Amino acid sequence: MAHSVDAETVARANELKLEANALFAQKKYHEAIDKYTEAIEADPTVPAFYTNRAQCHILTEGYGAAKQDADAALDVDSTFIKAYFRRATALLAMGQLKEARADFREVTNRAPGDAIARKKYTECDKLYRRIQFEQAIDSEADRKRVADSIDLNNYPVPESYEGPRMAVRKVSKKNKDGEEIEEDEEYVDKQFVDGIAEWFRDQKSLPVRYMYVILMQVDRMLRQLPTLVDVKIPSNAVMTVCGDVHGQYYDVLNIFKLNGFPSETKP
């Protein structure tokens, strides 16, 4: 990139960077991103502005944006080591191990004394080699899905179970001979969900059979969906976005208590 920036603009960009750094130190990463963006707009010739913003993206799990910033920094200065490290970190988080490994190796080659980079390269290299090995020994038998091997008849609901019961419906299936047959199938309905919410609140558990039914039906449902799903929100609906509850079941119940269960008008 060839840009000419006057001294006054350079000074202003540095002021913006310092403001962004202060926000970063306070862990206000989104606000810091905005300030680094202003600094970049003022002076796009400083690779550190891009890598600093990339780190904010990494800490907010915006790995694609972090990679783009690292790329931009390298466009400005192809020798800027921190850009390779930021890009490697983002690539690793996105599961692009081969590319991440190459960037970590680039950092260790350019800065052989960087212990953190060497440690990251070693970890990434081990993971990459392990996956390559697993793919090399993979076979169709290994890829047989666990769900296909589960026979629910082996997991009857215990007679002692007093909790909510799943509803039953008729479904058409093919038997081993390819003939169409009708079978009973347990499934999750609203009444069952309401029941287990209270059941779990009392710290009671479900039968193994029901757990398998839930997991198998969720697996079947998700496999029919595309990787990216567009959800249309009606104009009269209110959508509530909840953060990670970190496995705290009572937090989930409290969200439902405050907001109600998901519905057409409250997705």
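**Briefing: a predicted chain of helices with two strands**

Among contacts in the protein chain between residues at least 6 apart in sequence, 52% join residues at least 24 apart. Please keep in mind as you look around that this is a predicted model. Its protein chain has 10 helices and 2 strands, and its radius of gyration is 27 Å, where a compact globule of 267 residues would have one near 18 Å. Here is a short tour, grouped by topic.

**Overall layout**

- Reading from the N terminus, the order of elements in the protein chain is α-α-α-α-α-α-α-β-β-α-α-α.
- The C-alpha trace of the protein chain spans about 80 × 50 × 35 Å along its principal axes.
- Of the 267 residues in the protein chain, 27% are buried.

**Surface and charge**

- About 18,200 Å² of the protein chain is exposed, and 52% of this area comes from carbon and sulfur atoms.
- The side chains of the protein chain include 38 positive and 45 negative ones. The centres of these two sets are 3 Å apart.

**Nonpolar cores**

- The largest nonpolar core holds 20 residues. Phe49, Tyr50, Phe85, Phe104 and Val107 are the ones with the most contacts inside this core.
- At least two residues of this core come from each of helix 1 (7-25), helix 2 (29-42), helix 3 (47-59), helix 4 (63-76), helix 5 (81-93), helix 6 (97-110) and helix 7 (115-136).
- Helix 5 gives the largest share of this core, with 5 residues.
- If you would like one residue of this core to click on, try Phe85. Beyond its neighbours within four places in sequence, Phe85 is in contact with Phe104, Val107, Ile116, Ala117 and Lys120.
- Another core, of 9 residues, lies apart from the largest one, and among its members are Phe192, Ile196, Tyr210 and Val213.

**Two loop residues with positive phi**

- As background, most residues other than glycine have a negative phi.
- Lys27 sits in the loop between helix 1 and helix 2, and its phi is positive, near 65 degrees, although this residue is not a glycine.
- Lys27 has a relative accessible area of 62%, so it counts as exposed.
- Gln203, also a residue other than glycine, has a positive phi of about 60 degrees. You will find Gln203 in the loop between helix 8 (190-201) and helix 9 (208-223).
- Gln203 counts as exposed because its relative accessible area is 68%, and the cut-off for that class is over 50%.

**Arg209, a buried charged residue**

- Arg209 belongs to helix 9, and its side chain is of the kind counted as positive.
- With a relative accessible area of 16%, Arg209 is buried, since that class takes in values under 20%.
- Setting aside neighbours within four places in sequence, the contacts of Arg209 are Leu152, Asn153, Tyr155, Pro156, Val157 and Glu186. One of these partners, Glu186, counts as negative.

**Asn254, toward the end of the tour**

- Asn254 is part of helix 10, which covers residues 249-259.
- Is Asn254 buried, exposed or partly exposed? Its relative accessibility is 38%, so Asn254 counts as partly exposed; that class lies between the 20% and 50% cut-offs.
- How far apart are the C-alpha atoms of Asn254 and Gln224? These two residues are 30 residues apart along the chain, and their C-alpha atoms are separated by 31 Å.

Technical notes: Residues are numbered from 1 along each chain as its sequence is written. This is a predicted model: local features need pLDDT of at least 70, side-chain atom pairs count only at pLDDT 80 or more; totals for chains, interfaces and linings use all residues. Side-chain values use heavy atoms; hydrogens and water are left out. Helices (H or I, at least four residues) and strands (E, at least two) are DSSP runs, numbered from the N terminus. The radius of gyration is taken over C-alpha atoms; the globule rule is 2.2 Å times the number of residues to the power 0.38. Buried means under 20% relative accessible area, exposed over 50%, partly exposed in between (1.4 Å probe, protein chains only). Contact means heavy atoms within 4.5 Å. Accessible areas come from the Shrake-Rupley method with a 1.4 Å probe; for residues, only the protein chains shown count as cover. The place of a charge is taken as NZ of Lys, CZ of Arg, CG of Asp or CD of Glu. A nonpolar core is a set of buried Ala, Val, Leu, Ile, Met, Phe, Trp, Tyr and Cys residues joined through side-chain atoms within 4.5 Å.
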